[in-house]
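Trainee: Please take a close look with me at one part of this protein, its interior, and explain it with the cut-offs behind each term.

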Amino acid sequence: MKQLLLLRHAKSSWDDPGLDDFDRPLAERGSRAARLMGRELAARGWLPDLALVSPALRTRETWRLVAAELPVQPRIAFVEALYDASAADILSQIGQTDASSGSLLVIGHNPGLEQLARQLAGPGSEAKALARLEEKFPTAALARFAFEGDWSGLSSAPLTHCVHPKDLG
């Protein structure tokens, strides 16, 4: 069974309106949410073998805070193509994942990440998770999919969970 974890970056700061979008850091609220999501991944045993992360500052910071909570550090790749990526672009990156990886975490941006999560949610999706995903996919939200097969053939998978940081306290 393969596991795909789609994590939207945590809340970024808009304190410096002159900063380029790529260089926006996390807000304090975002830092707290990223740590909470990392603890939740660890508590549930949803540990990635590989993390694909957009190189934007807010996604790198999200990754750093999530990773600090994990008991085992996965391989990490900062992937330029994930910055401002469409759902199709993200799926293309996922499809290039080595078959030996059983659990993949992707940290990216909306709207592409949310669109991909909605597109992937197929037959067998948990009803409550699907309703949460369709309602909203806020910053630091996590969508978890489980499926049989190879990354290169992924087009649909059961959505098992949709976790929002507000769910965690």
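Mentor: Let me start with the charges: the mean positions of the 19 positive and 21 negative charges of the protein are 6 Å apart, where Lys and Arg count as positive and Asp and Glu as negative, with His and the chain ends left uncounted, and where each charge is placed at NZ of Lys, CZ of Arg, CG of Asp or CD of Glu. Please keep in mind that this is a predicted model, in which local features need pLDDT of at least 70 and side-chain atom pairs count only at pLDDT 80 or more, while totals for chains, interfaces and linings use all residues. Residues are numbered from 1 along each chain as its sequence is written, and side-chain values use heavy atoms, without hydrogens and water.

The protein has five helices and six strands, these being DSSP runs numbered from the N terminus (H or I of at least four residues for helices, E of at least two for strands), and they follow the order β-α-β-α-β-α-β-α-α-β-β.

Turning to the interior, 53% of the 169 residues are buried, meaning under 20% relative accessible area with a 1.4 Å probe and protein chains only, whereas over 50% is exposed and values in between are partly exposed. In soluble globular proteins, nonpolar side chains tend to be buried together. A nonpolar core is here a set of buried Ala, Val, Leu, Ile, Met, Phe, Trp, Tyr and Cys residues joined through side-chain atoms within 4.5 Å. The largest one has 30 residues, of which Leu-4, Leu-6, Ile-94, Val-106 and Phe-145 touch the most other members. Among the elements that each supply at least two residues of this core are strand E1 (2–8), helix H3 (87–95), strand E4 (103–108) and strand E5 (142–147).

Ile-94 touches Leu-4, Leu-6, Leu-104, Val-106, Leu-116, Trp-151 and Leu-154, leaving aside residues up to four places away in sequence; contact means heavy atoms within 4.5 Å. A second, separate core of 21 residues includes Leu-26, Ala-33, Ala-34 and Leu-105.

Leu-105 is also one of the residues that Pro-48 touches, and the others are Leu-70, Pro-74, Ser-103 and Leu-104, again not counting residues up to four places away in sequence. Pro-48 lies in the loop between helix H1 (28–44) and E2, and it counts as buried because its relative accessibility is 7%. Over the protein as a whole, among contacts between residues at least 6 apart in sequence, 77% join residues at least 24 apart.
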